[in-house]
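Please work through the following exercises with the sequence and the coordinates at hand. Each task is followed by a solution in steps.

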Number of protein chains: 2
Amino acid sequence: MAKAITSREENYSEWYLDIVKKANLAANSAVRGCMVIKPNGFAIWERMQRQLDDMFKETGHVNAYFPLFIPKSFLSREAEHVEGFAKECAVVTHHRLMNDPNGGGVVVDPSAKLEEELIVRPTSETIIWHTFRDWITSYRDLPLLINQWANVVRWELRTRLFLRTSEFLWQEGHTAHATAEEALEEALKIQEVYATFAEEYMAMPVLRGVKTANERFAGAIDTYTIEALMQDGKALQAGTSHNLGQNFAKAFDVKFSNAENQEEYVWASSWGVSTRLVGGLIMTHSDDEGLVLPPKMAPVQVVIVPIPKPSEELNTKAKELMQELKARGIRVTYDDDDKQRPGFKFAENELKGIPIRLGLGKRDLDKGTIEVARRDEKTKESQPLDGIVDHVANLLEEIQQNLFDRAVRFREENSTHVDTFEEFQAAIDRDIPGFVYAHWDGTTETELKIKELTKATIRCIPNDRVEETGSCILSGKPSAGKVVFAKAY
Amino acid sequence: MAKAITSREENYSEWYLDIVKKANLAANSAVRGCMVIKPNGFAIWERMQRQLDDMFKETGHVNAYFPLFIPKSFLSREAEHVEGFAKECAVVTHHRLMNDPNGGGVVVDPSAKLEEELIVRPTSETIIWHTFRDWITSYRDLPLLINQWANVVRWELRTRLFLRTSEFLWQEGHTAHATAEEALEEALKIQEVYATFAEEYMAMPVLRGVKTANERFAGAIDTYTIEALMQDGKALQAGTSHNLGQNFAKAFDVKFSNAENQEEYVWASSWGVSTRLVGGLIMTHSDDEGLVLPPKMAPVQVVIVPIPKPSEELNTKAKELMQELKARGIRVTYDDDDKQRPGFKFAENELKGIPIRLGLGKRDLDKGTIEVARRDEKTKESQPLDGIVDHVANLLEEIQQNLFDRAVRFREENSTHVDTFEEFQAAIDRDIPGFVYAHWDGTTETELKIKELTKATIRCIPNDRVEETGSCILSGKPSAGKVVFAKAY
Ligand SMILES: [Zn+2]
Ligand SMILES: [Zn+2]
């Protein structure tokens, strides 16, 4: 049997780590804060990459690659950027090792000190805008719609697999535009691409909103975000898209001559999602039996299990069925291990989150039926073999939709509107705090005070918020509408 | 008109760099030795990645991801490995920056010194075999067939875009096996995957062979290589696959219990190809007008140019044609720029290496014909519009084959068999030295002496070499067969 997983009720953090480890998704490495993404986990990330990459390309973006290293001096060029970013990062100071003259392996060659230290990119705005200077001279060079898939490093003290690691994988989009409007449109367009991906592919509903000044990306005019709610009632920032205005163009002196032949600074956006999404996917859908994956993100969508074990007849039928399912574009495997009993396999396949299990038994086969078990609801039913491919295809869609609906319902049940600080405090202190909508006076001072008192942060000012006058829950000062608070990852 | 490219005749190195720069493939960056891969260049790498990834998966491999950083002490665990590798690399010594107390931007925080330095991976055998220790206990865990797509850093003094850069992108396969035979089979299987990819997709013929002890990967029992010949008669090592024996398993203490329940060290292979392949692709096929791309590797296979410029009628026809070509799986664009004349566009499209250009003119259209120009031979012909999709599809295949045949012919014309050192010297000193087959006594001493005298290195002992006794061209000692010498990148 699969080793037991800590229940969510008992210890949510342990539950999460148990799933990551027992479903073989990732592990800690020999390097503090850096994870090893194991094949099962990487297969999920690959599906995310492939889908997002297609969506970026459909919206006119192309991929490129910029250096891993950033000269230290670049980081201080954009004043706000350096405040927000440049601190906890990996610093390269030397470019050579040598044999230890005392015989103790290798040591750093002191003569190979770099003139200027290099920083392993925590994000690439600086090196990219330095490069864009060479790429842009005229409005005819714009827009530039560039994306890169890369690893980045932000030295983290407290790490958690996928959710916060010192090295992580991500994509970072960097675009350059001739007008402020275009840069804003781009930032919003990508927010919507991210939201569509989260909802339609990950089955993870998200709030679309804008960050407060305090939560904004260092160097941005505005940061647009998608925010998801995890099963423990904490928010996960799942993707951000920044309108950078002319800040980086000014810092790196990137100008273009417009159609009237006048020089102007270029307008910019940047945006990213990371392997953190894998953590969000796990925490949105999984249960106490293990991983639950929406069919569109599942590396394997259907597993066929011979009951009670493989035989020539069952193998032949399974092979035929697999061909039919594959022809329909369904990702299917056959569990032909003849050492383990079906009960063990069922538990293993549940742990791995495979959306549909087909139990293929001799007796059923004679009756022309097959057992269909769905992972999301843990129900099973006997189905005629005739038409089973259609049934499975439809069921995959149904599971995808069910997981999304379930997550929307969870979010609705855990979203509260409050009017006083007492109500707010009570809401945030619940076992599952969820999203708490409350009036706020718009100042960073109040925001930080509320955070200090309750550990809740403003996740976003929703794009679709209803304008309504009210009073800030803390200061009592006027507010133009409610914002969304939550405890967050 | 496109700026002129230096001819190969005039200066081969300049010619190469001109193509890389003028076709917008890559550029040097602000970080010495690190390149920026521009969208046109990255699109080629993406096609390589996608195809290789499919081939790795078809042969049973899965992707994973291991940390960017390697603890310094890991590098000295495998004695030969450290000799060959650990020297020129990026060393991370600190994990924090701070504001300069004197106001000069940011400086390294001296209090944030790492206890043990981290090395930016030059290759990942050490960190991966450290990890495999946790993954392998029994023969049932084997084989492990893992690949990762990653960036690596080897500090290089002399760099050349794509061919040799301090940071480059690659894939590195790392496999673990229960027997010596399986590890060897794997290394040879991958050599054949690489050769197939080079020949069938890149249209780049390669010699398959094994490296001499001196040219072997640090820590390997044997290194299998594919070697291509560039138009200047120099060899390019295009991919290597290593049989690692038990060396890394011993260094990282990775054992498994076999079917007889006895403990044994695990057997290993590793293998990689990199963005260097893009350089090889450029140098194999391109000419003095610019890039020439084999259709299977071309991000754009067909460009339609309206003649003399876009009009409603031509745009409508082009759109229809594009749909038909796309439905056939052909990557096509329409050059609808109305500012530039056809001659300019022709030169631009030639520079970019687009395999087929379709010239769509009003007069031709009335006659029901279209002009078809092929990039490889720079010929053009008028073709009936009726059946044009079939014609283009066939022509793409023909171009693919023609480029391969041309490159094979070039290699044949530039392969020499010699029997004496004088003949050898003369062959190697030619303008286009090519592959020189000669007898060698099998010692590193002779190999190094020949290198010192002629700059030629042994590229490989061909897999298919004919065993024939002879005398070493330098030492006169007996040899069991000829090996392949060349000047190399
Ligand atoms: Zn360890
Ligand atoms: Zn520069």
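The exercises below treat a predicted model, beginning with single elements and ending with the contact between chains.

**Exercise 1. A helix with two sides**

Task: Determine which residues of helix α14 of chain A are buried, and what they pack against.

Solution.
- Step 1. Helix α14(A) spans residues 444-454, and its buried residues are Thr446(A), Glu447(A), Ile450(A) and Thr454(A).
- Step 2. These residues lie on the same side of α14(A), because they cover an arc of only 100° around the axis.
- Step 3. The underlying rule is that an α-helix has 3.6 residues a turn, so residues three or four places apart point the same way.
- Step 4. Glu445(A) and Glu452(A), on the other side of α14(A), are exposed.
- Step 5. The packing partners of the buried residues are α13 (421-428), β24 (457-462) and β27 (482-486) of chain A.
- Step 6. Directly after the helix, Lys455(A) adopts a positive phi of about 70°.

**Exercise 2. An enclosed strand and its partners**

Task: Describe the surroundings of strand β23 of chain A, using burial and strand pairing.

Solution.
- Step 1. Strand β23(A) comprises residues 435-439; 5 of the 5 are buried, so the strand is largely enclosed by the rest of the structure.
- Step 2. Phe435(A), Tyr437(A) and His439(A) point one way, while Val436(A) and Ala438(A) point the other way; all are buried.
- Step 3. Strand β22(A), residues 415-417, runs parallel to β23(A) and is joined to it by 3 bridges. Within this pairing, Thr416(A) has Val436(A) as its bridge partner.
- Step 4. The path from β22(A) to β23(A) passes through α13(A), and this β-α-β crossover is right-handed.
- Step 5. Strand β27(A) is antiparallel to β23(A), with 4 bridges between them. Here Ala438(A) has Val483(A) as its bridge partner.

**Exercise 3. The open sheet of chain B**

Task: State the strand order of the open sheet of 11 strands in chain B and identify the strands at its edges.

Solution.
- Step 1. The order is β3-β8-β9-β15-β12-β11-β10-β23-β26-β22-β21, and the pairing is mixed.
- Step 2. The edge strands are β3 (62-63) and β21 (415-417) of chain B; each has a single partner strand, so one side of each is left without a neighbour in the sheet.
- Step 3. Inside this order, β12 (residues 235-245) and β15 (residues 267-274) of chain B pair in the antiparallel sense over 5 bridges.
- Step 4. One residue pair in this arrangement is Asn243(B) with its bridge partner Ser269(B) in β15(B).

**Exercise 4. Backbone geometry in loops**

Task: Locate the cis peptide bonds that precede Pro308(A) and Pro308(B), and examine the positive phi values of Phe162(A) and Ala203(A).

Solution.
- Step 1. In chain A, the peptide bond joining Ile307(A) and Pro308(A) is cis, with omega about 0°. Pro308(A) belongs to the loop between β17 (302-307) and α9 (312-327) of chain A.
- Step 2. In chain B, the bond from Ile307(B) to Pro308(B) is cis, and omega is near 0°. Pro308(B) sits in the loop between β16 (302-307) and α9 (312-327) of chain B.
- Step 3. Phe162(A), a residue other than glycine, has a positive phi near 70°. Its loop connects β9 (144-153) and β10 (167-177) of chain A. Buried means under 20% relative accessible area, and Phe162(A) counts as buried at 2%.
- Step 4. Ala203(A), also a residue other than glycine, has a positive phi near 55°. This residue is in the loop between α6 (180-201) and β11 (207-210) of chain A. Ala203(A) is buried, at 0% relative accessible area.

**Exercise 5. Core and interface**

Task: Name the residues that touch the most other members of the largest nonpolar core, and quantify the contact between chain A and chain B.

Solution.
- Step 1. The core has 96 residues, of which Phe69(A), Trp129(A) and Phe69(B) touch the most other members.
- Step 2. Apart from neighbours within four places in sequence, Phe69(A) is in contact with residues including Val92(A), Leu118(A), Val31(B), Cys34(B) and Trp155(B).
- Step 3. The contact between the chains takes 63 residues from chain B and 63 residues from chain A.
- Step 4. The buried area is about 5100 Å², with 66% given by carbon and sulfur atoms.
- Step 5. On the side of chain B, Tyr65(B), Leu97(B) and Val106(B) lose the most area to chain A, together 13% of what that side buries.

Conventions. Residues numbered from 1 in each chain as written. Chains lettered and ligands numbered in written order. Predicted model: local features only at pLDDT ≥ 70, side-chain atom pairs only at ≥ 80, totals over all residues. Heavy atoms only, no water. Buried < 20%, exposed > 50% of the residue type's maximum accessible area, 1.4 Å probe, protein only. Helix = DSSP H or I, 4+ residues; strand = E, 2+ residues; numbered from the N terminus. Arc of directions from axis to C-beta. Contact = heavy atoms within 4.5 Å. Pairing = 2+ DSSP bridges. Right-handed = clockwise from strand over helix to strand, strands pointing away. Core = buried A, V, L, I, M, F, W, Y, C linked by side-chain atoms within 4.5 Å. Buried area = accessible area lost by both parts, 1.4 Å probe.
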